[in-house]
Amino acid sequence: MKPKKILSMVMTFLMVLSLLPSFVFAAEAPAGELGGKLKIKGTAAVGSVLSADYTKVTPEGLTDDYVSITWSRMVGDQVTEVSKEKTYTLVDEDLGNKIQMKITGVTELGVTGEMKANTVAIAATPEEAPAETTEEKNDEGAETGYVEEPTVDEIPGGEEDVLLLDPPAEELGEIPEAVDEQGVPADQAEVMQPAENTQEEYIPETADDDSVDSSVLDIGTEETLVVPEGGEPAETPDAAVEPLTYEAVAVVDNENGVMDFGTLEEGYTEVPAEQYVTIKNTGTGTLNFNGIAPEHFMAQDIMAPLGAGESVTLWIVPREGIAAGIYQDPITYTTEEGISVSFDAAVTVNAPQAQDNGTDTVVTDPAVTDPADPVVTDPANPADPVVTDPANPADPVVTDTPDPADPSVTDTPDPANPVVTDTPDPADPSVTDTPDPAEPVVTGTPDPADPDVTVTPEPTVIPEPPKANVQATEGLTDGALTFDTIKQGQQAPAAKTVKLFNSGDKDVVLQPVSNNFQITAAEGSFELKANSALTLNVAPAKAEAGTYDETITLKEADTENVLLTFSVKYTIADADNPNLSASAAPVFESMEEGYAQAPAAQTVTLTNTGNIPLTELSVEAGGQEFNVSALSAATVDVNGTVTFNVAPIVGLKEGTHVQSITVKSKEAQPVTVTATFTVTAAAVKLTGVNKPGDINLANGVEKSAAGLKLPSSVTINTNKGSMNASVTWDVKGCAYNQKSTDAQKFSVKGTIALPNGVTNPDGLNLITSVNVVVSRAPKIADAANNSITGISADGAYTTETKITFTAVGAGMDNTSPIKGDTRYLPLYWEVLEARSWDSAPYSATFRMGKNGSYTLTVTYNQQKFDGSNWASTGTQDTKQVSFSVSAAGNVTVTPAANKADANQKKAVQTGDDTPIMTFVIILVVAVVLIAGILVYRKKKR
């Protein structure tokens, strides 16, 4: 083999060796179907915040940006959605129930499927919450709870998916403005070369244990983060937590703090109005109150826990059936925490007062007062005091009203003031029973120790004065005098007599009192002596028609005392007045000419409105256009009625037809009734309605009849041909949304107004509709909606943190574009070094090798859909997130191969643990040898 060929092979081998470090891959974004175990982070207590834990969920590297989250409340078998946010804060309605979290993969980012996880029952406070937050089913299907706190090492995606960035000594150059058709800067279309690193090379030490991630290129690491057991850095509490205090106060709206319900009478059935007390929790802990049941009062229980600073207002009322007495009871509320709060409630219940029983009374001089004998007022008679029997306080004694005619203490029987006899009491010899029941006077036995009690003397009897007693002996029937009825103008009836007799012992002169009758004495004088008779003549004094029903009074002329009364009745009827009246004239509903059936017959009613019966009634029709029936009767009594029926005949021509019908009688004047019927010309009849054709419009037109191009009329069909009819469209009620840019299809209802002369005898539907199709307008993506998720300015990141972010371009969710739609496509990202994407998902995972402040910049390229393809418009937008990285403690990382971004346009440090300097030296040697050969060959020539 020739030396030249050997040398060429050696050079080729060296070149291949020098290129080995270039085979490095960037970290891949999570993609695939959801699997593994989903957990819920947080405390299962009201007020706590829940979030998703993807520690054991596949694909690795999953974050909130790759899924949509739905939170639902589980009440028994009922599941109700409560939120679609990334986190959920537990509220009072969740107490005692479970919360379900469902995640659904975002297919646009390469994640599919869905998973669910349930919490355990939600507690009221963190102290009461179970240690397990997420509910899990065991092999038998029973539900158990568990909590697995994620550790620092349990980071989605694994170590092999992390790109570690080391800041170069010099800043990268600015991204050139010029871009190619895909939006990539022209000077970076092939390979982006890193800026020259003038810093001293740092070679990390290899860790002795297996805890170091050997697949991460970590350059510039100085410290490691010491993580305590449990997965999160230990936090130093700001201050010691103060213990809870339990206190409460009761506030009564009363100056002395006593809830006073006043005075009631024993046996009351109506409970007084409730009063209220306010209980306030003045401590820092929540109070749980026990139920209470006071003896003499009813009090409202505190059912719900009372939080710190909260208060509740409660009602208090006396119980029914409390015995007589004075009560002031303490009302005490106690809590499960061992505290109590009290206040007083008071009520006075009096025994019922004694009533006069109608059989028991002691007559005592009310002017005599015994200090040992208290006097109270009789409830039935305030003017009549009640004297309490000192020997028997439970037996109140009612004193009768004294009689002025008898200054001694003597009871005068008075029907208006019943006398009650006191029951003798052996313990009280000063009161004795009445010896004579017919004269209920109680005599007190003289007692030297009680000078107020005196013996009542016998009453003085006064004879009654003489008086008259007048009675009617003849002429009255059941105390009344009645005359026959006459008609006005006839002769008045003759007078009637009434005989009187005075059976008293006093002579009297009668004085008759009457307004409508004339009264005279047959003997010529109205004097009626004792044990004598007198005859009175009574005659009607009125001639006008009417009924005169009067009570005649006979008085004593001297004293005006009424001696006798009796009633008199007399009627004068009106003179004969025959009269016949008819009901309203029949008017028939009009019909079109050519009608086949006449209108239904109408009934005419005639009433005898006179005061005498009518006879020989007959009906006569004045024409032949109407059919008239015979009368229902030939005679009619006063206030009675007769009827006949009338109806038009069939076949009458267009016009108004009128016919007079006369009813005659022997006594009254004839009555004429007019029947009316109108025949109209045949009308135009509606036979159908034609529906308008569909309307196609562009999106965004005005929501009005004109904007939607709705026709002002529609075509209708009649028995006389087609014609147009105006229509009113219900534009407001249609489903068109003028602000929407989506395609829409809806219908608009309209009401048809028939032209004059067109009828709708068949009741055809006059509601029509028209279909409208609105194509959607182009969707213009707003650059303001470009965003970076998964990383935040206030995030806690260390040199051990693997940061995964996703670039979300506005309009990237447009899966059905039309011509004119725009979107923003994530193009490349930069944290000290720039890297680009060729396709979705637009995400990356990296870790910073040194602590410090950094900025993540994502550049978006605007594209416009031309009807078949998305084309770059040349417009770009950038979004930035500034973040800080702190140094981790005691961790040394071995560099390894990096798969951060297979599409990167700029060389990166690979993470391969092979010393790169060796390959660089080999490459330099190969280049020198090749150059030497070329020089040698040139000189040789």
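## Aromatic pairs, cores and sheets

By the ring-distance rule, the count comes to 18 aromatic pairs. One of them joins Phe289 and Tyr333 edge-to-face, with 6.5 Å centre to centre and 80° between the planes. Phe289 sits in the loop between E15 and E16, and Tyr333 sits in strand E18, so this pair ties together parts that are 44 residues apart in sequence. Phe289 counts as buried, at 9% relative accessibility. Tyr333 counts as buried too, at 0%.

A second pair is formed by Trp837 and Tyr842. Their ring centres are 5.9 Å apart and their planes stand at 90°, so this pair is edge-to-face. Trp837 is buried, with a relative accessible area of 6%. Tyr842 is buried as well, with a relative accessible area of 9%. Both belong to one aromatic cluster, which also takes in Tyr797, Phe805, Trp829, Phe846, Tyr854 and Phe883.

All of this rests on a predicted model.

### The protein overall

The protein has 941 residues, and 37% of them count as buried. It holds 2 helices and 55 strands. Among contacts with a separation of 6 or more, 66% link residues 24 or more positions apart. The exposed area is about 52,500 Å², and carbon and sulfur atoms supply 51% of it.

### Two nonpolar cores

Which residues touch the most other members of the largest nonpolar core? They are Ile316 and Tyr333, in a core of 27 residues. Strands E13 (248-252), E14 (258-265), E15 (275-281), E16 (297-299), E17 (311-318), E18 (325-334) and E19 (340-350) each give two or more residues to this core. E19 provides the largest share, 5 residues.

A second, separate core has 26 residues, including Ala810, Tyr842, Met848 and Phe883. Tyr842 and Phe883 are also members of the aromatic cluster.

Back in the largest core, Tyr333 has a long contact list. Leaving out residues up to four places away in sequence, Tyr333 touches Ile279, Phe289, Ile292, Ala299, Gln300 and Ile302, along with Leu314, Ile316, Ile339, Ser340, Val341 and Phe343. Its aromatic partner Phe289 is on that list, and so is Ile316.

### Strand pairing

Several of the core strands pair with one another. E13 and E15 run antiparallel and are joined by 5 bridges. Here Ala248 stands opposite Asn281 in E15. E15 also runs antiparallel to E17, with 6 bridges between them. Tyr276 has Trp315 in E17 as its bridge partner. In a regular strand, side chains alternate between the two faces of the sheet.

Further along the chain, other strands pair. The table lists pairs with their bridge counts and one bridge from each.

| Strands | Sense | Bridges | One bridge |
|---|---|---|---|
| E13 and E15 | antiparallel | 5 bridges | Ala248 with Asn281 |
| E15 and E17 | antiparallel | 6 bridges | Tyr276 with Trp315 |
| E37 and E38 | antiparallel | 3 bridges | Phe626 with Pro648 |
| E45 and E47 | antiparallel | 8 bridges | Lys749 with Ser769 |

### Two open sheets

One open sheet has 4 strands, in the order E33-E35-E38-E37, with antiparallel pairing. Its edge strands are E33 (580-582) and E37 (626-628), and each pairs on one side only. The twist averages 25° from one strand to the next. Within this sheet, E37 meets E38 (residues 641-648) over 3 bridges.

Another open sheet has 7 strands, in the order E42-E47-E45-E44-E43-E41-E46, and its pairing is mixed. E42 (695-698) and E46 (758-759) are the edge strands, each pairing on one side only. Inside the order, E45 (residues 744-753) and E47 (residues 767-775) pair in the antiparallel sense over 8 bridges. Lys749 has Ser769 in E47 as its bridge partner.

### A loop residue: Ala681

Ala681 lies in the loop between strand E40 (671-680) and strand E41 (684-689). E41 is one of the strands of the mixed sheet. Is Ala681 buried, partly exposed or exposed? Ala681 counts as partly exposed, at 39% relative accessibility. Not counting residues up to four places away in sequence, Ala681 touches Glu592 and Glu654. Ala681 and Met591 are 90 residues apart in sequence, and their C-alpha atoms are 8.5 Å apart in space.

Notes
Residues numbered from 1 in each chain as written. Predicted model: local features only at pLDDT ≥ 70, side-chain atom pairs only at ≥ 80, totals over all residues. Heavy atoms only, no water. Core = buried A, V, L, I, M, F, W, Y, C linked by side-chain atoms within 4.5 Å. Buried < 20%, exposed > 50% of the residue type's maximum accessible area, 1.4 Å probe, protein only. Contact = heavy atoms within 4.5 Å. Areas by Shrake-Rupley, 256 points an atom, 1.4 Å probe, with all protein chains shown as cover. Pairing = 2+ DSSP bridges. Axes fitted to C-alpha atoms, helices over the stretch in contact; angles between N-to-C directions. Phe/Tyr/Trp six-rings, centres within 6.5 Å; stacked < 30°, edge-to-face > 60°.
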